[in-house]
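Trainee: I would like a close look at a single part of this model, followed by whatever else helps to place that part. Please keep the account connected.

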Amino acid sequence: MNVSALCTGLFIDINDTIYCSMYTRDQVVKRSLSSSVMSSNRIAAGTGIGGSDSNQLNSPRGIFVDVNLDLYVTDCVNDRVQLFQPGELNGITVAGYTSLNPTITLRCPSGIILDAEKYLFIVDQGNNRIVGSGLNGFRCLIGCYGQGPQSNRLNQPFSLSFDHSGNMFVTDTTNHRIQKFLLMNDSFALSFNQPKFCSTAIWNSNGITIANQSIVGNNPTAIFVSKNNTIYVANKEKDTILIWHEESVNPIKIIHSNFTGPRSLFVTLNGDIYIDDGQRNGRVQKWIAETNTFDTVMYVNSTCYGLFVDVNDTLYCSMIDHYQVVKRSLSKSVMNSNRIAAGTGIKGSASNQLGGPRGIFVDVNLDLYVTDCINDRVQLFQPGESNGITVAGNGSLNPTITLRCPGGIILDTEKNLFIVDLSNSRIVGSGLNGFRCLVGCYRTGSQSNQLHSPFSFSFDGSENIFVVDSFNHRIQKFKYLKRYCVNTFSVFQNIYSSSLTNNNQIYYRDCNKQNFYYESIQVKVTESGHYTFRGSGDIDPYGSIYKNKFNPLDPSENLLDKHYDGGSVIQFKLDINLDVDMIYVLVVTTYESKETGKFSIHIFGKNKVILERLSTPVNIQLIYSSKLTDDSPTYYRDCQVPQCHYETLQIHVNTNGLYVLWSERIGLTLDDILRNELQSNTVLNNQPFSIKLSAGLTIIMFVAGLINSILSFITFQNKDSQQVGCGMYLLASSITSLLATTMLIIKFWFVVLTYINASTSLSVLRGGCVSIEPILKLFLYLDGWLSACVAIERAVLIFKGINFDKKKSKSIARRTILILPFCARQRSVVRTNQSFKEHIQDQFSEHKQLIISPIVLLVLSIPRLIISLLPGCAKTSKNLWLYLGAYFISFTPSMLIFLIFVVPSELYMKAFKQSFNRIRRHTPP
């Protein structure tokens, strides 16, 4: 291969193709070794111009090509690892800066290797360490204690490799050496259970009491569960050690000796028990399982609140009263050879001090973790270091949890911390997202889900937690709920992007969640295993996954899982096990009704995932309109609705496929206009603006209508206003207008409250439907007809002139009001001493408002008339303000009687003033 720059990475794939990463050319090139042409280099990744776009690299270093020919490149200056799939020039960030997967911060990554499970191992050169991924995301593997020449540190490592035993070899560049790090295997077998949990680990919040006060005594403190699930508990009241198998109800062995009030114990692989005997006798004793005898193995001058034996057979004791942890090698015969492991012996909160050490734990790297009770923290002391690092609690650099006198402590295989938070009466644990409460999360108490000053704990082989609930004088077992554990870290496989529009299909997500646009996607996997679907986008996506098929008429059928998390950048996340021989359907919708916008789904898993869109945009092929009447046939629908009118249709299609049929009620009622806007189980303050505006307008219209009706009634109840039928029509109209606006506000709040309260009974809904709407229309039409009567009488008056009969007019008005709900307008006084032409001119001049007012009322009625003539397929949801505006405008004539008929008329204003003054005179001061 001829190249124009230094190759900082070389790789030959399974097809005998050689790859070279050119650091200074910002590119990876390749050529087939089977080709004899030496100038046949092809671009594998990068444009040759340094940058951070998905198709660019900036100083690439290490490369790795797997059996699927996926190319992984460490992109140094961009602090990331890019994956380039075959034939793709755009890379996907799988680790580091802008990674989609929860990951780790990288600084100039260099070398990279994938294991058989596709987990990444990366040389994080700028951070002087080796990091690796696993079930729970990334973690530090080597060089986790900063830069340096020590055996557990690195200085600018460049590349790495594994031997067949899993041991790691690292080029430690600036230290000028090659370092070998041994894989911890069974040769480093531990006597206790150190589990490996998934990130979603959950324990049953209700504990089971496996031993009460009658067995463990008053205020127990010490417990140890061995690899074979044998439980060891110290009864400091009776100075005994109790031993029983997990399945046993009662202890199978009780060990007696001359130790006093043991606070802690530790059991080794051979069954030997190390017991605290420091309070009175100043020592640590060992019970030898083989001989059933005791031996003193360490002298101390304080109670040991924690005991531990590390992988090098060194015994540790935390002395709470001397603010120190001491240790001695059990391989040495000299008993006074205790050495300081942590603490100065002087109480304090400095990094080299302790203030009441309790629990201790030493990992396979000989890192010592100490719970520092009085300082409310957990300290890490690395080998040879006297200054501790606060890893949890008060003063911790990492986001953590508030601790109050931490007690026992255990690390799992991923170095996550599990801590007894004694004064908070709970057990907490760390993970990818920081610390969280595991058990005892319901305050101090004696219930099964509560603890009271727990002292220590241990795990069994099934990851169950055994807690010494000291002040409740019992041992509690909290079961590990493994079924909630899923693989939350896997390799990126695919991305699916689309959008929800007004043309997408609609379904009811549940009884209370209606009219949701959705898109259904068929999912097939090429390998069985755990897969993760993560949705995000401009919309607020809600994800569901189904087995075999999705039935929009019954969204609960075949449902496997669903998820929504609006408070996260990733709005839904589905972790699920998928089988290779099964078809699945992923449904993407929105949290709120009828949202539209773009979305994307990122899929992670063991192998390739095939996605195919199922739902298609709705193209309206036919609109059918009809009407059910009293003459339509009826049938027995159910016991609640035995008499339903119906119509049958026969359907023929020209092409096989999925068709969507839906019906919409056509009308101009408030229900029709607002039903798509109202949100069920949501208070008015959180409803859309259109609902709040409608509420305000309704109240304003009611108040205006009330004032108008009162003033009109005062005017037209005067005898001078009732000389002809017009005044009687307007008197009736003042009453009907009040009733119309009253029914409007009743109708509005009935619609709003019944839609908000999804549990409203069917009988209430039906009652409102058959009563409120007809009454509202009755009063509205009465008002309209009465206005029409006024206009008719005015026309007759103008036509007859001096021959107009007032008595006959009043007689007709009485009969009309009784027979029909008509509306009328005003008339003026007729003069009998004028010609017909002069009469008309004077009448128009004096009562021109009688011409203007019908025109105003006509104009106000036109919007409702036009909308009622629109095609039946018009949707109120798309033209909300048009329909809503027309609806409210149609009620304005009922509020304008006084302004239109009384204010412009001298006759009616005179009658109003007379009536108003009469009322004032009869009203007491």
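Trainee: Is Gln-156 buried, partly exposed or exposed, and what is its relative accessible area?

Mentor: This is a predicted model, and the values below are computed from it. Gln-156 has a relative accessible area of 29%, so it is partly exposed. The cut-offs behind that word are simple: buried means under 20% and exposed means over 50%, with partly exposed in between. Gln-156 belongs to the loop between β12 and β13. Its backbone deserves a remark, since phi of Gln-156 is near 55°, a positive value in a residue other than glycine. As background, most residues other than glycine have a negative phi.

The loop that holds Gln-156 also holds Cys-144, where β12 spans 137-142 and β13 spans 157-162. Cys-144 has 30% relative accessibility and therefore counts as partly exposed. The C-alpha atom of Cys-144 is 8.1 Å from that of Asn-128, and the two residues are 16 apart along the chain.

A second positive phi occurs at His-176, again near 55° and again in a residue other than glycine. His-176 sits in the loop between β14 (168-172) and β15 (177-181). With a relative accessible area of 72%, His-176 is exposed.

Asp-172 and Arg-177 form a salt bridge in which the closest N and O atoms are 2.8 Å apart. Asp-172 is buried because its relative accessible area is 0%, whereas Arg-177, at 23% relative accessibility, counts as partly exposed.

That pair belongs to a wider set: the structure holds 13 salt bridges. Another one of them joins the side chains of Arg-129 and Asp-124, at 2.9 Å from N to O. Arg-129 and Asp-124 are both buried.

A further salt bridge is formed by Glu-414 and Lys-196, with 3.8 Å between the closest N and O atoms. This pair links distant parts of the chain, 218 residues apart: Glu-414 is in the loop between β33 and β34 (417-421), and Lys-196 is in the loop between β15 and β16 (208-211). Glu-414 counts as buried because its relative accessibility is 12%, while Lys-196 is exposed, with a relative accessible area of 52%. Through shared partners, salt bridges join Arg-139, Lys-196 and Glu-414 into one network.

Next, the interior space. There are four cavities of 30 Å³ or more in the structure, and the largest cavity has a volume of about 360 Å³. It is lined by 25 residues, of which Ile-223, Leu-307, Ile-360, Ser-456 and Phe-457 are the closest to its centre. Several strands each supply at least two lining residues: β17 (223-225), β21 (265-267), β25 (304-309), β29 (357-362), β33 (406-411) and β37 (457-459). By class, the lining has 15 nonpolar, eight polar and two charged residues.

Last, the surface. Leu-622, Tyr-624, Leu-649, Ile-651, Val-653 and Leu-661 make a nonpolar surface patch of about 690 Å². Leu-622 lies in the loop between β49 (609-613) and β50 (634-635), and it counts as exposed because its relative accessibility is 69%.

To return to the starting point, Gln-156 is a partly exposed residue in the loop between β12 and β13, with a positive phi.

Technical notes. Residues numbered from 1 in each chain as written. Predicted model: local features only at pLDDT ≥ 70, side-chain atom pairs only at ≥ 80, totals over all residues. Heavy atoms only, no water. Helix = DSSP H or I, 4+ residues; strand = E, 2+ residues; numbered from the N terminus. Buried < 20%, exposed > 50% of the residue type's maximum accessible area, 1.4 Å probe, protein only. Patch = residues over 30% accessible without salt bridge, like charges linked within 9 Å, V, L, I, M, F, W, Y side chains within 5 Å. Areas by Shrake-Rupley, 256 points an atom, 1.4 Å probe, with all protein chains shown as cover. Salt bridge = Lys/Arg side-chain N within 4 Å of Asp/Glu carboxyl O. 1 Å grid on protein atoms, 1.4 Å probe; cavity = no way out; pocket = protein on both sides within 12 Å on 5 of 7 lines; lining within 4 Å. Points joined across faces, edges and corners; volume = space filled by probe spheres on them. Nonpolar A, V, L, I, M, F, W, Y, C, P; charged D, E, K, R; others polar.
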